[in-house]
Amino acid sequence: MTVNGSGDPMGEARTLARWALGAAAATVLLLLTGLGAGGLLVLVSALLGLACSAVGIWWFLAHRGPLRVFGALLAVAAPLLVLVLYVVWGLWLTALTAVGLWSVALLCARAALRRLRDLDGNGRGARAGLVRGERRPRPQRPVLIMNPKSGGGKVARFRLVERAEKLGARVVVIDPSVETDVAALARQAVADGADLLGVAGGDGTQALVAAVAAEHDLPFLVISAGTRNHFALDLGLDRADPATCLDALVDGEELRVDLGSVSGRAFVNTVSFGVYADVVQRPEYRDAKAGTAVDVLPDLLQGGEGDRLDATADGLRLPAQQALLVSNNSYAAPDPFGAAAARRPRLDGGELGVIAIRVDGAAQAAEMAVRGTQSAGLNVLTAARVEVTGKAPAPGAGPAGSSDGTIAVAVDGEALTLPTPVVCTLRPRALRVLVPRHRPGVIEPRPPMDWRRITEIAFQPSPRS
């Protein structure tokens, strides 16, 4: 799209903001006045379909038997029925036009916010959200710890040991047949003179070695040889070919990122409490994640009457939560179960991300689907300190608590049981991460949608010639 004020980012942002407001206004007018009552019917039926689908999903997750089957059918049938009704009522063109106009509004709004963010105080193209690295001398005594079982055998498949040794690194291969204290291996490597610590393994193993590296102020190398590698993803590393991570040893740059702490244990991604943490505790979860979750969730949720947790985030009470996710910096979108597509725009923001979920029944599930982060059952915030004090009574029940003073916790996907209260904090910029200078997965952080800011940009007067 060509906009007025080419070469003038502020002028481009202003024009894009006006286009965004115009498209948004056209969408509202179409839905409220288009084709008689047709536009309003499109909006109401879409919201009802969304709410019914959410109710179906809730029934499927929280119940067993006929109600679960009916919930699955409702979740699929509701949106399909809405589409059929659009065709039968002759409203499909109105619906399609509304979707198109709203898409234009969002595209223009985000483009305007990006233009504005690219400006610093002097009008130059500074992008403050991007994590920038500093060139460092090549490490002389790097030590890399590798787990041959991680990621289904990526260490052997990509010949990581041989490639690392050719670059001058000393490699310590974990014996999968015996229980190994990975942190102790890292401390021994430091005692032997290592000037860099690295890990080829999952996020849980990464966190253990990262804690030792931060303790001794040594650079840390992430090799994406795990199954999901969320930390590597947000660092922009190539998860498809972990061997490219070794390029950092010869052509690397250093990033300063935050390191999380949960009751004294380091974490690089997330700490989960409640339903997800309980699912992770199941021994069958490792081999069948989705199947295990679907099988045990009805027992954990009990139709909304299952166990709850009390927590506080910087003094804000979060009572009787079913699921609580605390992350090392915030994710771009609420994602309580850590889906692979979730991204953290930055890792040096200095704040914990918090997502707390409380669903008491089908009605609240529908409200959450329609209202999103504005619903009563979903809290999305940031905090410097999060404390989980223990189990809360189920709705309608009497006083309850943890019988042994412990709760299930999933730390970077690893199942743990910790004594309450469990405290999560963040150590800002405590970890020195060495990454390749060229990282294929680096993304430009997407600015949060802010229609108030869009309005301010649109009506900001142009400077006089």
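## A tour starting at Ser-375

Select Ser-375 to begin: apart from neighbours within four places in sequence, Ser-375 is in contact with Glu-367 and Met-368 (contact means heavy atoms within 4.5 Å). You'll find Ser-375 in the loop between helix H12 (362-371) and strand S13 (378-383); helices (H or I, at least four residues) and strands (E, at least two) are DSSP runs, numbered from the N terminus. With 4% relative accessibility, Ser-375 counts as buried. Buried means under 20% relative accessible area, exposed means over 50%, and partly exposed is in between, using a 1.4 Å probe on protein chains only.

Before moving on, note that this is a predicted model, where local features need pLDDT of at least 70 and side-chain atom pairs count only at pLDDT 80 or more, while totals for chains, interfaces and linings use all residues. Residues are numbered from 1 along each chain as its sequence is written, and side-chain values use heavy atoms, with hydrogens and water left out.

**Zoom out**

Show the whole chain as a cartoon. The protein chain has 13 helices and 17 strands, and 48% of its 465 residues count as buried. Of the contacts in the chain with a separation of 6 or more, 72% are between residues 24 or more positions apart.

**The cores**

Now select Leu-144, Met-146, Leu-160, Leu-197, Phe-231 and Leu-431: these have the most contacts inside the largest nonpolar core, a set of 54 residues. A nonpolar core here is a set of buried Ala, Val, Leu, Ile, Met, Phe, Trp, Tyr and Cys residues joined through side-chain atoms within 4.5 Å. Which helix gives the largest share of this core? That's helix H8 (residues 203-215), with six residues.

Stay on Leu-144 and show its surroundings. Beyond its neighbours within four places in sequence, its contacts include Ala-164, Val-171, Leu-196, Leu-221, Ile-223 and Leu-249. There is also a second, separate core, with 28 residues, among them Ala-62, Leu-74, Ala-366 and Leu-378.

**Ser-224 and its loop**

Next, pick Ser-224, in the loop between strand S5 (219-223) and helix H9 (230-234). Ser-224 is buried, at a relative accessible area of 0%. Its side chain reaches the backbone oxygen of Asp-238 at 2.9 Å, which is a polar contact: a pair of N or O atoms within 3.5 Å, where within protein one must be able to donate a hydrogen and the other to accept it, and residues adjacent in sequence count only if both atoms are side-chain atoms. Leaving aside neighbours within four places in sequence, Ser-224 is also in contact with residues including Lys-154, Arg-239, Pro-242 and Cys-245. Try a C-alpha to C-alpha distance here: Ser-224 and Ala-240 are 8.2 Å apart in space and 16 residues apart in sequence.

**Arg-439**

Jump to Arg-439, in the loop between strand S17 (422-436) and H13. Is Arg-439 buried or exposed? Its relative accessible area is 16%, so Arg-439 is buried. What does its side chain reach at 2.7 Å? The backbone oxygen of Leu-235. The side chain of Arg-439 also makes a polar contact of 3.1 Å with the side chain of Glu-253.

**Helix H13**

Carry on to H13 (residues 451-458), where Ile-454, Ile-457 and Ala-458 are buried. Look down the axis of H13: its buried residues fall within an arc of 95 degrees, so they line one face of the helix (the arc is that of the directions from the helix axis to the C-beta atoms). Those buried residues pack against helix H1 (9-33) and helix H4 (92-117). At the N-terminal end of H13, Asp-450 acts as the cap, with a side-chain oxygen 3.1 Å from the backbone nitrogen of Arg-452.

**Rings**

The structure holds two aromatic pairs. Select Trp-59 and Phe-70 for a tilted pair: 5.8 Å centre to centre, 35 degrees between the planes. Rings of Phe, Tyr and Trp (its six-membered ring) pair if their centres lie within 6.5 Å; planes under 30 degrees apart count as stacked, over 60 as edge-to-face and the rest as tilted. This pair links helix H2 (residues 38-62), home of Trp-59, to helix H3 (residues 66-88), home of Phe-70, with the two 11 residues apart. Trp-59 is partly exposed at 22% relative accessibility, and Phe-70 is partly exposed at 44%.

**Backbone oddities**

Finish with the backbone. The peptide bond from Thr-420 to Pro-421 is cis, with omega near -5 degrees; Pro-421 is in the loop between strand S16 (414-419) and S17. Asp-412 isn't a glycine, yet has a positive phi of about 50 degrees. Asp-412 sits in the loop between strand S15 (406-411) and S16, and is buried at 9% relative accessible area.
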